[in-house]
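Subject: Structure handover and notes

Hello,

Here is the structure I said I would pass on. Please open it first and keep it beside you while you read the notes underneath.

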Amino acid sequence: MSVDLSTRYMGLELAHPVVPSASPLTGDIDHIHALVDAGAPALVLPSLFEEQIEHDEMAVHFSLELGADGFGEAPEGFFPQLDEYNTGPEDYLELIRRAKAEVTVPVIASLNGVSTGGWTLYAQILADQGIDGLELNIYKIAADMRQTSAEVEKSYLDLVELIRKSVDVPLAVKIGPYFSSTADMARRFAEAGADALVMFNRFYQPDIDLDTLGVKPNLVLSDPVELRLVLRWLAVLYGRVGCSMAATSGIHSGEDAVKALLAGATVTMMASALLRHGASRLGEVRDGLASWLEERGYESVSQARGSLSYSSVPDPGVFERTSYMKTLNSYVPSW
Ligand SMILES: Cc1cc2nc3c(=O)[nH]c(=O)nc-3n(C[C@H](O)[C@H](O)[C@H](O)COP(=O)(O)O)c2cc1C
């Protein structure tokens, strides 16, 4: 391929912009090797949860949420043993040590803290392991009726600022899309010291089991349609925030990666499609992206990046409103 796919993400030089995001695959050394063999230019490890450190066993365990998805072509096939996923701090540090020793691509650790002290202490411990970057997975449901949106936002920003001061590694912040003003928050995250925004965290929504009358934990792998929300915010933010942007949620094919890139993503990240189809999917997505660019005469990913963003639109809000009206009008009823 003659297209230059090289990408600078959160200060790291990557061979191309298709990166495996945090999932059970990156939590297992054999799958890490498979991903790197398939061409992964970097790895984001699963999150170390503060609860794991406090109680040794995770209180909030992703694996509890598994079960409902059908995994199409690979029933269980590409899932490493989930009882070995997010197991404890010692295992996590060992995973970092092995990944750093055995593969040459940048290793980005991920942390999901609770207390301020926990976040900073474990950020330092992870940074001391020689990681190449740290992703902060801030997963909060603001359910306290007495906490205002301004207070919630401040707590996010204070945290990023604090961790920025505590560690000297490139810092990414994985956020959700549900801020009152996502654009303002994105700008302020970058100002607080984030080198990258990872957009967006999926908030898992448990179901109700009508037989047991209990809450049914339930993790459904993503669908490419989820990428659309990400595309919108990439397009709004491209050229306006002072940090890299990673697209996560719904990248399943080369076309999905192209869309994210055109909207403004610095890198695209994959979990569900790799879990469904195996590590080789990563190489297919990278090649699909490269072919698309080559066929249209692009010389590099940088040349195409952000070309469908709103960077030349003076007021994305007005543009969005017009598009909204057009979308509603485009529906043709079948009656
Ligand atoms: C089984 C599973 C485990 C995951 N574990 C983590 C995790 O530990 N930390 C994290 O930040 N994201 C985690 N994620 C979220 C993914 O990294 C990713 O952001 C999300 O699945 C959306 O991307 P996708 O559409 O490619 O799946 C997990 C996702 C899955 C499916």
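A residue counts as buried under 20% relative accessible area, as exposed over 50%, and as partly exposed in between. By that rule Glu191 is exposed, because its relative accessibility is 58%. Please keep in mind that this is a predicted model.

Salt bridges

The count of salt bridges comes to 17. Glu191 takes part in one of them, with the side chain of Arg187, at 3.1 Å from N to O. Both residues belong to helix H6 (residues 182-192), and because they are four residues apart there, about one helical turn separates them. Arg187 has 36% relative accessibility, so Arg187 is partly exposed. The two also belong to a network of salt bridges that links Glu153, Asp184, Arg187, Arg188 and Glu191.

Another pair is found in helix H10 (residues 280-295), where Glu284 and Arg281 are three residues apart and therefore also separated by about one helical turn. Their closest N and O atoms are 4.0 Å apart, and the pair forms a salt bridge. Glu284 is partly exposed, because its relative accessible area is 46%.

A further salt bridge joins Glu320 and Arg232, with 2.8 Å between the closest N and O atoms. This pair links distant parts of the chain: Glu320 is in helix H12 and Arg232 is in helix H7, 88 residues apart. Is Glu320 buried or exposed? Its relative accessible area is 16%, so Glu320 is buried. Arg232, at 39% relative accessibility, counts as partly exposed.

The second largest pocket

Glu320 and Arg232 turn up again in the second largest pocket. Which residues lie nearest the centre of this pocket? They are Arg228, Leu231, Arg232, Tyr310 and Glu320, out of 13 residues in the lining. The pocket holds about 450 Å³ of space. Sorted by class, its lining has seven nonpolar, two polar and four charged residues. At least two lining residues come from each of helix H7 (227-237), helix H8 (254-263) and helix H12 (316-330). In general, empty space of this kind is found by rolling a probe the size of a water molecule over the atoms.

A nonpolar patch on the surface

Where on the chain should you look for nonpolar side chains at the surface? Ile208, Leu210 and Leu213 form a nonpolar patch there, and together they have about 390 Å² of accessible area. Leu210 sits in the loop between strand E9 (207-209) and strand E10 (214-216). At 70% relative accessibility, Leu210 is over the 50% cut-off and so counts as exposed. Leu213 is in the loop between E9 and E10. Leu213 is exposed because its relative accessible area is 69%.

Backbone angles to check

Most residues other than glycine have a negative phi, and most peptide bonds are trans. Here are some exceptions in this model.

- Leu213, from the patch above, is not a glycine but has a positive phi of about 55 degrees.
- Met10 also has a positive phi, near 45 degrees, and is a residue other than glycine. Met10 is in the loop between strand E1 (7-9) and strand E2 (12-14). Its relative accessibility is 2%, so Met10 counts as buried.
- The peptide bond from Met199 to Phe200 is cis, and its omega is near 5 degrees. Phe200 is in the loop between strand E8 (196-199) and E9.

Residues far apart along the chain

Two C-alpha distances are also listed here for you to find in the viewer.

- How many residues along the chain lie between the positions of Ser302 and Leu5? They are 297 residues apart, while their C-alpha atoms are separated by 8.0 Å. Ser302 belongs to helix H11 (residues 301-304). Ser302 is partly exposed, because its relative accessible area is 45%.
- Arg8 and Ser244 are 236 residues apart along the chain, and 8.3 Å separates their C-alpha atoms. Arg8 is part of strand E1. With 53% relative accessibility, Arg8 is over the 50% cut-off and therefore counts as exposed.

A good place to begin is the pair Glu320 and Arg232, since the two form a salt bridge and are among the residues nearest the centre of the second largest pocket.

Regards

Conventions
Residues numbered from 1 in each chain as written. Predicted model: local features only at pLDDT ≥ 70, side-chain atom pairs only at ≥ 80, totals over all residues. Heavy atoms only, no water. 1 Å grid on protein atoms, 1.4 Å probe; cavity = no way out; pocket = protein on both sides within 12 Å on 5 of 7 lines; lining within 4 Å. Points joined across faces, edges and corners; volume = space filled by probe spheres on them. Nonpolar A, V, L, I, M, F, W, Y, C, P; charged D, E, K, R; others polar. Patch = residues over 30% accessible without salt bridge, like charges linked within 9 Å, V, L, I, M, F, W, Y side chains within 5 Å. Areas by Shrake-Rupley, 256 points an atom, 1.4 Å probe, with all protein chains shown as cover. Buried < 20%, exposed > 50% of the residue type's maximum accessible area, 1.4 Å probe, protein only.
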